[in-house]
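Here is a quick tour of a two-chain model, for anyone who likes to know how the pieces sit together. Have a look at the structure first, then read on.

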Amino acid sequence: MPKFLFASALEEDKATFFSRLHPTTMLIALGCMVVIIFSTLNFLALLGLLVFLFLVVLIDGMPRQTTFTVLLVVIPLCIFITLIQALTDPNQIIAHLNLFGMGILVSLEGILLGLAITLRVALMALIMTIFFTVVHPVKLTRALYELGMPFKFAYTFVLALRFLPLVLDELATINNAQKSRGYDIDRVNPAIKVLKMFPLTIPLILSSLKRADTIALAMDLKAFNAYPKRTFFIGLQKGSGDTVVRAVSVVAMVFFVVVTFRGIL
Amino acid sequence: MASAGVAKERLRFKIPLAKMSLNAWPGRTDTKGIVSALMLSLVMIGILQFGERLDTILTGGLFPVSGRVISITMIGLGTMLYGVVGGLIVSEINPIIATATGTSPIAPFFFLTNACQVLSAWITGKMFDNAITWKAPITNGVLATIFLVALYIPLHIFYYHLPVEKMVSLYAVQSLFSLTVPAVLLRILLKVVRDAGFVEE
């Protein structure tokens, strides 16, 4: 399993409160958080939610570096959105710039709106990362199966996580092979990089499809999905923590939606 | 005459190409079909590592160009090879991994934007008897571009509060690339995959 999946590498005795929860509970909490995030664009409310998530990560003992790295990815988006909003919003102009003969107006309302939208994006990214950090992929597969998803489709997520490092290794090998022949993709102009990817893409696709044949044959030989009902090695149990988290999530969601629609936030 | 007719019949490559006797919906859903679609999705994730970085640096990922070219090509390939379910596997694994690894802040929206590309490839398959022609990939590119613009505009208006009327030039640049490049790439890839023996009756 890839290293970023904290829960999969976690031993049972070192499990945190959230990693012990039933995956369905985490799915409900995730859904409620998404509704809360979408229900408001109030800067302070979104900031409060961000602080709350920071505290959850710190108190629960989730890996800080891997969880918060996602916020770095939001920085270019933050700059882009805030810039557009600041330059296009006609209200509360705070500066008038003259760039190459063009008059550019900078709006304070636009800057604040841009920052609020960025906060919302950051929250969405953070909540999703937290979900995949604490939920064990195998447990998630089982939960999805219990929710009615056919096992062969639910299992693809676990399979993807297992084979992702393999495919990335293969890509690195093909890249090195092409480099040794004088074709260095890393030195290509970034603007046309996608077009120049072909000498890497074709061998990678063909080798992956060939590998898929072998994997599928091996899985069929081990009677993958041969029986309609299957048993699982990993057990899933709901505890009192699950009930509390579900109740708190739903109550918080209802509270936020009501407060927002009444215009309090 | 009869042999010429048979030869002409053989030139028809129907979706799903990996098992042309099946319907495009649900397509090839045996273990081989699922695992192959999964491997294609991982290849897409691998290639997107190069493409998405550029999009994120330039526009924060809001107006992806390289990402869109790669996704239309790979999801089109997956759907044309393995049908709708295979296409959905190719399209939906990427947002899950992108969300889990935190590679793109707008990854949760890829669930929807990628799924619409499966729809475009499926409609293309319905429209043409032979998927390995120039017409099919071009139609796929056109449909995918229309669907994506139709999805991105509400996303930009309601989620990012962007002034869409001032973003027309960005949409135009994006669409110019997604209309032309994926069609060429997809056509080449379909031929390569057929010649490599991954197409079955």
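## How chain A is laid out

Of the 265 residues in chain A, 32% count as buried, meaning that 20 or more other C-beta atoms, placed from the backbone, lie within 10 Å of a residue's own (exposed is 12 or fewer, partly exposed is in between). Bear in mind that this is a predicted model, where local features need pLDDT of at least 70, side-chain atom pairs count only at pLDDT 80 or more, and totals for chains, interfaces and linings use all residues. Residues are numbered from 1 along each chain as its sequence is written, while chains are lettered from A and ligands numbered from 1 in the order in which they are written.

Chain A has 10 helices and 2 strands, taken as DSSP runs (H or I of at least four residues for helices, E of at least two for strands, numbered from the N terminus). In order from the N terminus, that reads α-α-α-α-α-β-β-α-α-α-α-α. Chain A is more spread out than a compact globule, because its radius of gyration is 24 Å, well over the 18 Å that the globule rule gives for 265 residues; the radius is taken over C-alpha atoms, and the rule is 2.2 Å times the number of residues to the power 0.38.

An automatic or database domain assignment sets the bounds, giving chain A domain 1 (1-136 + 238-265) and domain 2 (153-233). Their C-alpha centres lie 32 Å apart.

## Where the chains meet

The contact takes 51 residues from chain A and 48 residues from chain B, with two residues in contact if their C-beta atoms, placed from the backbone, lie within 7 Å. On the chain B side, H2(B) gives the largest share, 20 residues. That side splits by class like this:

| Class | Residues on the chain B side |
|---|---|
| nonpolar | 30 residues |
| polar | 16 residues |
| charged | 2 residues |

Here Ala, Val, Leu, Ile, Met, Phe, Trp, Tyr, Cys and Pro are nonpolar, Asp, Glu, Lys and Arg are charged, and the others, Gly among them, are polar.

What does Leu42(B) touch, leaving aside its neighbours within four places in sequence? Its contacts are Ala160(A), Phe163(A), Leu164(A), Val167(A) and Ser208(A).

## The shared core

The largest nonpolar core has 118 residues, and Leu42(B) and Ala160(A) are among those with the most contacts inside it. Such a core is a set of buried Ala, Val, Leu, Ile, Met, Phe, Trp, Tyr and Cys residues joined through C-beta atoms within 7 Å. H3(B) gives the most to this core, 19 residues. Both domain 1 and domain 2 of chain A contribute residues too, so the core lies between them.
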